[in-house]
Amino acid sequence: MTAVQGPAPELVNADETVTYDALVVGCGVIGPCVATGLARKGKKVLIVERDWSMPDRIVGELMQPGGVRALRTLGMVQSINGIEAMPVTGYTVFYNGEKVVIPYPYKADTGAVEKISGLVRDGNDKIANGDQTISVQDFELDERERGVGFVHGRFLQNLREIVAQEPNITRLQGNVTEILKNKQNEVIGAKVDIAGRGKVDFHAHVTFVCDGIFSRFRRELSPEHVPKVGSSFVGMSLYHAKMPSPNHGHVILGTNHMPILVYQISPEETRILCAFNSPKLPSNIKEWMRKDVQPFIPESLRPSFDDALSQGKFKSMPNSFLPGRQNNVLGLCVIGDALNMRHPLTGGGMTVGLNDVVLLIKKIGNLDFSERELILDELLDYHFERKTYDSVINVLSIALYSLFAADNDNLRALQKGCFKYFKRGGDCVRLPVSFLSGVLPRPFLLTKVFFSVALYAVYVNFEKRGPLGFPVALLEGIAILFTAARVFTPYLYAEMIG
Ligand SMILES: Cc1cc2nc3c(=O)[nH]c(=O)nc-3n(C[C@H](O)[C@H](O)[C@H](O)COP(=O)(O)OP(=O)(O)OC[C@H]3O[C@@H](n4cnc5c(N)ncnc54)[C@H](O)[C@@H]3O)c2cc1C
């Protein structure tokens, strides 16, 4: 019999008699960045994670350039080094077999990356030398922005290693079971269930909830802060796949199927995510894949896809939508997916979360955390300031998913119009890819571009109908515009006004 190894002693002996400046719940993508940013600003931080071993998940595997830039700003970009990560230089979109290639924007158009004082030091905002897959040449010297694909668990372990190096951070392995409050209902810390120690109360001036997609504690903000789940992704790993466009994210669209995403996450492994338009998965996933996905896979990917399908190792995740909410509880800050979620189609979750961390550290990093009222005031403002950046990625993800998963004629017309719009090139790809990659935080420009796409879809439909079909095309045009407003405006409203 093999002995079951418990957690390392340094992961379970955190001191419960001190009041920490910050207690961070969760060491996924966002927790380590909050903890590191605050620790480098001199705060005494306790970070609690229920499982420090490497997770095996199909989420957070393609980071947009806006996320890479945020890691640089935080002095944490070397977390993408040493994990056989793959540079991503843009997207290739397939539509009913046709394709359009969309490179990421030029650095000259996105401006210099900010450096937060105290966080950026000793070149930690630059890619490290000597990496086999992520080269300085690619990332520092290329004229275009870069994203990156990686095995999620390996990236997380790198972030956790950075956390382990910070002298102001205490790591703790345990399950947070309760957010502690005083008689005035203000948050004062968390109760943690620790192997061998039982349930222990830890106190902090500010508790940061970063417990992710299935957050248990987001409800501390409001019982109504609950995500909506409308669809799912079913994922498989493809091995040694021959990518149609190497170093690109692939979005496979068509009139007769749901969107399919394909991107390389290591030299050997490629992730495929297939959308299913319901939170409840098909009863026979293999059969559904064979019938509704396999026929639409580009030729070069078929051998690796067929292998993976015959192995039948599927993983699925719900796709949730949750507009952000103001952090208005004294002593509490909810951030990351616990606060705000969007459709993963556009791979924007980590980028939103990391840019939230940047803004957070800029707003409160230099304050004294024992002045809790002051921190609360800053967090109230923070809610409005984050909208400009986050709303673009969030609304775009939902709007594009509605178009790409089109289930009626108007949406199908918008889908076709959108693809033809991309085919025009110039600003018709530069602006959309700048929104998607998280380097153009301009919600009103996004609105303008979205409705330009809708008008173009109307024009394409007029062309298709020809002169004799003019009256029909006119009626259809009104319906298309109405549908465009319906898939865009409520989400923009929820993001900007909520
Ligand atoms: C199918 C899918 C694909 C996605 N793909 C991408 C992508 O390609 N690119 C992208 O940018 N984003 C993607 N996302 C979104 C991305 O994964 C999230 O935005 C990101 O992981 C959020 O980070 P987080 O730290 O908030 O949460 P998580 O990364 O979920 O981390 C939460 C952490 O908290 C810990 N925890 C939870 N509860 C407790 C507790 N009670 N006590 C102690 N610890 C606890 C967990 O163990 C975990 O380590 C995807 C999402 C989905 C659903």
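Let's start at one pair of side chains: Glu61 and Arg271 form a salt bridge, with their closest N and O atoms 2.7 Å apart. Keep in mind as you look that this is a predicted model.

To see where that pair sits, step back to the whole protein. The protein is divided into three domains. Domain 1 is assembled from residues 9-90, 102-226 and 321-388, while domain 2 covers 229-320 and domain 3 covers 406-497. Glu61 therefore belongs to domain 1 and Arg271 to domain 2, going by the domain bounds.

Now for the meeting of domains 1 and 2. Their C-alpha centres lie 29 Å apart, and the contact draws on 26 residues from domain 1 and 23 residues from domain 2. The size of an interface is often given as the accessible area lost when the parts come together. For domain 1 and domain 2 that buried area is about 2100 Å², and 63% of it falls on carbon and sulfur atoms. On the domain 1 side, Ile58, Met86 and Leu345 lose the most area to domain 2, and together they account for 30% of what that side buries.

What about the polar side of this interface? The rule finds 2 salt bridges across the interface of domain 1 and domain 2, along with 9 residue pairs in polar contact. If you look for secondary structure on the domain 1 side, strand β4 (residues 86-88) gives the most, with 3 residues. The residues on that side divide into 16 nonpolar, 5 polar and 5 charged.

Next, let's move along the chain to helix α11, which spans residues 427-436. This helix is mostly covered, with 8 of its 10 residues buried. The buried residues are Cys428, Val429, Leu431, Pro432, Val433, Ser434, Phe435 and Leu436. Their packing partners are strands β5 (90-95) and β6 (98-103), together with helices α9 (372-404), α10 (409-423) and α12 (443-465). Just after α11 comes Gly438, which takes a positive phi of about 75°.

Leu436 of α11 also leads us to a final stop, Thr346. Thr346 lies in the loop between β17 (332-334) and α8 (349-364). Is this loop residue buried or exposed? Thr346 is buried, because its relative accessible area is 3%, under the 20% cut-off. Leaving aside neighbours within four places in sequence, Thr346 is in contact with Gln64, Tyr91, Ile393, Ser397, Leu400 and Leu436.

Note on methods. Residues are numbered from 1 along each chain as its sequence is written. This is a predicted model: local features need pLDDT of at least 70, side-chain atom pairs count only at pLDDT 80 or more; totals for chains, interfaces and linings use all residues. Side-chain values use heavy atoms; hydrogens and water are left out. Contact means heavy atoms within 4.5 Å. Buried area is the accessible area (1.4 Å probe) that two parts lose on being put together, summed over both. A salt bridge is a side-chain nitrogen of Lys or Arg within 4 Å of a carboxyl oxygen of Asp or Glu. A polar contact is a pair of N or O atoms within 3.5 Å; within protein, one must be able to donate a hydrogen and the other to accept it, and residues adjacent in sequence count only if both atoms are side-chain atoms. Helices (H or I, at least four residues) and strands (E, at least two) are DSSP runs, numbered from the N terminus. Ala, Val, Leu, Ile, Met, Phe, Trp, Tyr, Cys and Pro count as nonpolar, Asp, Glu, Lys and Arg as charged, and the others, Gly among them, as polar. Buried means under 20% relative accessible area, exposed over 50%, partly exposed in between (1.4 Å probe, protein chains only).
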